[in-house]
Amino acid sequence: MKKDDTYNEALSMLDEYIAANRLRKTQERYIILRQICNFPAQFTANQLEVLCAKELTVARATIYNALQLFLDAGLLTAHQQYAGSKVTAYELVVAKNSKMMFQCTRCGRVVEFNDKAVDNALRMHRYSNFIPANYSTYIFGVCKTCRSPKKK
Ligand SMILES: [Zn+2]
């Protein structure tokens, strides 16, 4: 997924959460979220603070509050890392790749493919009791090779 797509998707989830919970829209949160989208994978609060410091003067508490808000909104997942001491690493949920695959029931071959329409439909769907992170979808059938008449 492109960086802008990731940000736009994260942004719409955040806006939705802020509206649903009647929270204030603060400029800092959006700047912090944009910076989070710059990390290719996991990041720590310290790394985020360093990155944000280039753009704004922000208290550490603001960073932690924003991280907690993003966790509550389902934008981030937290992992416990051990780098000498216990560190919490965060990861943007929307950046994780979802996969769609064809699997041939005759030869077993699996081919990954993209279907924007299905992808958008699955991403935009909201569930009342569940926050989806990503998905794997297998479509079973018969591949082109297995369907072609055998050469004699
Ligand atoms: Zn096949």
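Here is a friendly exchange about how the labels on this predicted model follow from their cut-offs.

User: Before we start, what kind of model is this, and how are residues numbered?

Analyst: It is a predicted model, where local features need pLDDT of at least 70, side-chain atom pairs count only at pLDDT 80 or more, and totals for chains, interfaces and linings use all residues. Residues are numbered from 1 along each chain as its sequence is written.

User: Why is Ala20 called exposed?

Analyst: A residue is exposed if 12 or fewer other C-beta atoms lie within 10 Å of its own, buried if 20 or more do, and partly exposed in between, with C-beta atoms placed from the backbone. Ala20 has 9 such atoms within 10 Å, so Ala20 counts as exposed. Ala20 lies in helix H1, and its C-alpha is 15 Å from that of Leu71, 51 residues apart in sequence.

User: And what makes Ile63 partly exposed?

Analyst: Ile63 has 19 C-beta neighbours inside 10 Å, so Ile63 falls in the partly exposed class. Ile63 sits in helix H4.

User: Which residues does Ile63 touch, and what counts as a contact?

Analyst: Two residues are in contact if their C-beta atoms, placed from the backbone, lie within 7 Å. Leaving aside neighbours within four places in sequence, the contacts of Ile63 are Ile32, Ala45, Leu48, Glu49, Cys52 and Val58. For Ile63 and Ala45, 18 residues apart along the chain, the C-alpha separation is 7.2 Å.

User: What makes a group of residues a nonpolar core, and which members touch the most others?

Analyst: The term means a set of buried Ala, Val, Leu, Ile, Met, Phe, Trp, Tyr and Cys residues joined through C-beta atoms within 7 Å. The largest one here has 21 residues, of which Ala10, Phe70, Leu75, Leu76 and Leu92 touch the most other members. Two or more residues each come from helix H1 (3-20), helix H2 (27-36), helix H3 (45-53), helix H4 (60-72) and strand E3 (85-92). Leaving aside neighbours within four places in sequence, Leu75 contacts Ala10, Met13, Leu14, Phe70, Leu92, Val93 and Val94.

User: How do you know which strands pair in the sheet with the order E5-E4-E6?

Analyst: Strands are DSSP runs (E, at least two residues), as helices are (H or I, at least four), numbered from the N terminus. Two strands pair if DSSP finds at least two bridges between them. Four bridges join E4 (residues 99-104) to E5, running antiparallel, and six join E4 to E6, running parallel, so both pairs satisfy the rule. Met100 stands opposite Phe113 in E5, while Gln103 has Phe140 in E6 as its bridge partner.

User: What makes E5 and E6 edge strands?

Analyst: Strand E5 (110-113) and strand E6 (136-141) each pair on one side only. This sheet is open, with three strands and mixed pairing.

User: Why is E6 said to lie largely in the open?

Analyst: Of the six residues of E6, the number buried is zero, so E6 lies largely in the open.

User: How does the radius of gyration compare with that of a compact globule?

Analyst: The radius is taken over C-alpha atoms, and the globule rule is 2.2 Å times the number of residues to the power 0.38. For 152 residues the rule gives a value near 15 Å, but the protein has 20 Å. The C-alpha atoms fill a box of roughly 75 × 40 × 30 Å along the principal axes.

User: Where are the domains?

Analyst: An automatic or database domain assignment sets the bounds, giving domain 1 (3-92) and domain 2 (99-147). Their C-alpha centres lie 29 Å apart.
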